[in-house]
Amino acid sequence: MPGRGISGVPEKALRSFAPSHPHGTQDDKRALVCVKLVALFAVLLSTVGVYGRTPAQEQPKPSAPAARTQKVTAERYEIDIAFEPDRGFLRAKAAVTLRANAPTGAVEFELNPRLEIKEVSDEKERKLEFERSRRIGSTRLLVRLAEAVAAEQSFVVTFAYEGVPLLGGLDYITKDGILLRDEARWYPAVDLSAFTGFSVNVNLAEPKWWWVVASTGQATSFNRTFANSVWHSFQASGLVSSRSIAATRSEQPCGPLVDGRPVKTSPPLQYEVRTCLSSPLAAKGGELAPLVGRLLQANSILLGTSRWGSLVLVQGFPGQRGAIGYSAPGFLVVSEDVVKWHGSPGYAPEFLPHEIAHQWFPIEVTLTRVEDGWLAESLASYLAWRYLQETSPAEARAMVARAMRDGLEHEPLRPIGLGLRLFAEEDWDVTYATLYQRGMLVFRTLETVIGRSRVDAALREYYKRYAGRSASIADFRKVCEEISERDLGWFFDYYLEGTRIPEIELRRLSGAAPGEMLGEIIVRNVPPEFHARVEMQIHTTEGVVDHSVATRGEVTPFSASVRGQVTGITLDPDARILRWTEAARRNRQQRDLLANLGDLEAEKEFTKALETTQQALDADPENLAANHQQIRFQRGRLYYRLGQSARAMQEFARVLELTSLDQPATDLYRAWARVYRARIALRGGNRVAARAEAKAGLAINAPALDTEISWMETPAKKTSAAEELRALAK
Ligand SMILES: [Zn+2]
């Protein structure tokens, strides 16, 4: 939000100033998808291509009517590609082996619109006619075959093309690195996520410091000299669901990392992990590679072994800030901040676990439809949570707390069953809250319906059954139903297609015998079939008793054995069920209250703005929604702008004590509180105090300090807390 002050930006938007999202930066919200899912979306939802027709060109041959029902599939791509990275240029030759289920005379491809096609030919080296869509920016391309090809007969179409491709989002060709995902359409594609054979030879003008990876499941590039030039050659050992390539410049070799060898995970499963990092950060590979190895190992144990025995972690996205990732078969590209800030407390802890989970879903089990996105993004987040639960329970709890609050923030809630359509239809915050947060909570809720061991068994069976193929939510539901021997239609309809959220309440009943507690669990806003195991902690004068109740229908009475006097009950202490909580309710209320804060500040209605923030504080006196730090910070700024230094100092002092639900937000508010406190000290002529505040701010030394923000009082200026603090420390 350049030019807009932080004040009045709702909590969630504000939080995204901090580089805490698994996939992104503030600047390019749409480009934050880590896998090739957006491409899939574009393929399936794009409208029918409009082809230019020139008199000299014939219409498709008589066999073309069959094109309406025919399906052409690509079986293999063999590509030679040479880059001139300095000018973003590529020159390529791609041979595509195809097969159609019906006789066909023309094939539809997609290719980046800025790539100029030099020639299209067939196996007999006959030149083929082709027609590109006249719609601006369209990737559509129709190739007419020299003669109709019979059904089920494989044939090859070869393309020679070159140019500077039109790249947006996450793709780039620069002197510092290259990433071409499937959605860049850098090769003539029939179906961007199909499983095909794939081999690619990559040539770079200046080969010395380039390290190249391709989605072939290979760990390294193999340089070979051919005709006086160096080629990096890759060949997939099996069928791959992606044809992506990445390259990075580094004077450091990729891996080997520990004792001169690539990192291997401990027996019984062996994964070889290499890292290709920029020279200044190469040493970070020593921490990152073992972690990636452990993640591969953990997922293998839970889900089944991945087809890839190796993984290359490549540093990419040069010049882009925040945690950004792209997963492809056998490699993962991450932004500089992911490497640089690895190990910084609370910095995107779920990022790598989420990305590594993509090696299984959706790279090995692809999605049948864009609406099945729950099985990619939500599942990756669920698997990330599972890993954190084992390795850093506090981070896992914080991840759930954020999801329980923010997953219900947006009014109206969107169905999770929109899947990847959310990326196109909603902004990043809504997509993140729906698919990454609420969707993850639905997987956790499934544990309370069929039990965790059955969820695990279902995931294993699902992976086993569909690895190397595409699958849908209906396929996953079927597996869950087989394993649990229950009809789960209500669960999938309610949580994925609908947007209603359960309200669960616990009531104590009188008339209990000594040593007993009587109560009932009331579940509202659910279908009649709803059932789940609800946990509770019963606090008594003698200690805490854990109890759980399987609910049936709206009201489920229960009794529990207790010793001593019952002093209180905590319902669902681990937030296992996606439901309305007091924190989520209050968060929404505060968000509504603060919605026009930015306007009030812009109109310099500081006193009114302060009243609004007071109402927001009063809406949640216990700070259950954990928004007080943000609200106090806004109050501090308002008092500062009013010239009320003493009050501003008080508010900023509270900001330093309070925390938000994630570490980057906490750091951001604290760092900027130090900036304002230093400015107030300077206002009072106290340079020594100002310097002390600035130094205390710089001591926070967290990624949030580098987040650039433009404040409302100086809208034209984008600045980071680190910059301000360094200036004030002088
Ligand atoms: Zn993802």
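A cavity here is a set of points, on a 1 Å grid over the protein atoms alone, where a 1.4 Å probe fits but cannot get out, and its lining residues have an atom within 4 Å of a point. Keep that in mind for the first stop.

Before you start clicking, note that this is a predicted model: local features need pLDDT of at least 70, side-chain atom pairs count only at pLDDT 80 or more, and totals for chains, interfaces and linings use all residues. Residues are numbered from 1 along each chain as its sequence is written, and side-chain values use heavy atoms, with hydrogens and water left out.

**Stop 1: a cavity**

The structure holds five cavities of 30 Å³ or more. Let's visit the second largest, with about 70 Å³ of space; a volume is the space filled by probe spheres set on the points, which are joined across faces, edges and corners. Select E350, M399, Y432, Y436 and Q437, the residues nearest its centre among the 10 that line this cavity. Next, colour α7 (393-406) and α9 (428-450), the elements that give two or more residues to the lining. Helices (H or I, at least four residues) and strands (E, at least two) are DSSP runs, numbered from the N terminus. Which element gives the most to this lining? It is α9, with four residues. By type, the lining has six nonpolar, two polar and two charged residues. Here Ala, Val, Leu, Ile, Met, Phe, Trp, Tyr, Cys and Pro count as nonpolar, Asp, Glu, Lys and Arg as charged, and the others, Gly among them, as polar.

**Stop 2: an aromatic pair**

Now show the side chains of F361 and Y462. Their rings are stacked, at 5.6 Å centre to centre and with 25 degrees between the planes. Rings of Phe, Tyr and Trp (its six-membered ring) pair if their centres lie within 6.5 Å; planes under 30 degrees apart count as stacked, over 60 as edge-to-face and the rest as tilted. By this rule the count comes to 35 aromatic pairs. F361 sits in the loop between α5 (351-357) and β20 (365-367) while Y462 belongs to helix α10 (residues 452-466), so the pair ties together parts that are 101 residues apart in sequence. F361 counts as buried because its relative accessibility is 1%, and Y462 is buried at 1% too (buried means under 20% relative accessible area, with a 1.4 Å probe and protein chains only).

**Stop 3: a hairpin**

Select β1 (residues 72-84) and β2 (residues 89-100), antiparallel strands joined by 12 bridges. Two strands pair if DSSP finds at least two bridges between them. Four residues separate β1 and β2 in this hairpin, and G88 in the turn has a positive phi of about 65 degrees. Label V72 and its bridge partner A100 in β2. Then add β10 (residues 197-204), which runs parallel to β1 and is joined to it by eight bridges; here I81 stands opposite V202.

**Stop 4: a three-stranded sheet**

Finish with the open sheet β3-β6-β5, whose pairing is antiparallel. Why is one side of β3 (104-110) and of β5 (129-132) left without a neighbour in the sheet? Both stand at the edges, each with a single partner strand, so one side of each has no neighbour there. Between β3 and β6 (residues 140-149) there are six bridges, and V107 stands opposite V143 in β6.

How values were computed
1 Å grid on protein atoms, 1.4 Å probe; cavity = no way out; pocket = protein on both sides within 12 Å on 5 of 7 lines; lining within 4 Å. Buried < 20%, exposed > 50% of the residue type's maximum accessible area, 1.4 Å probe, protein only.
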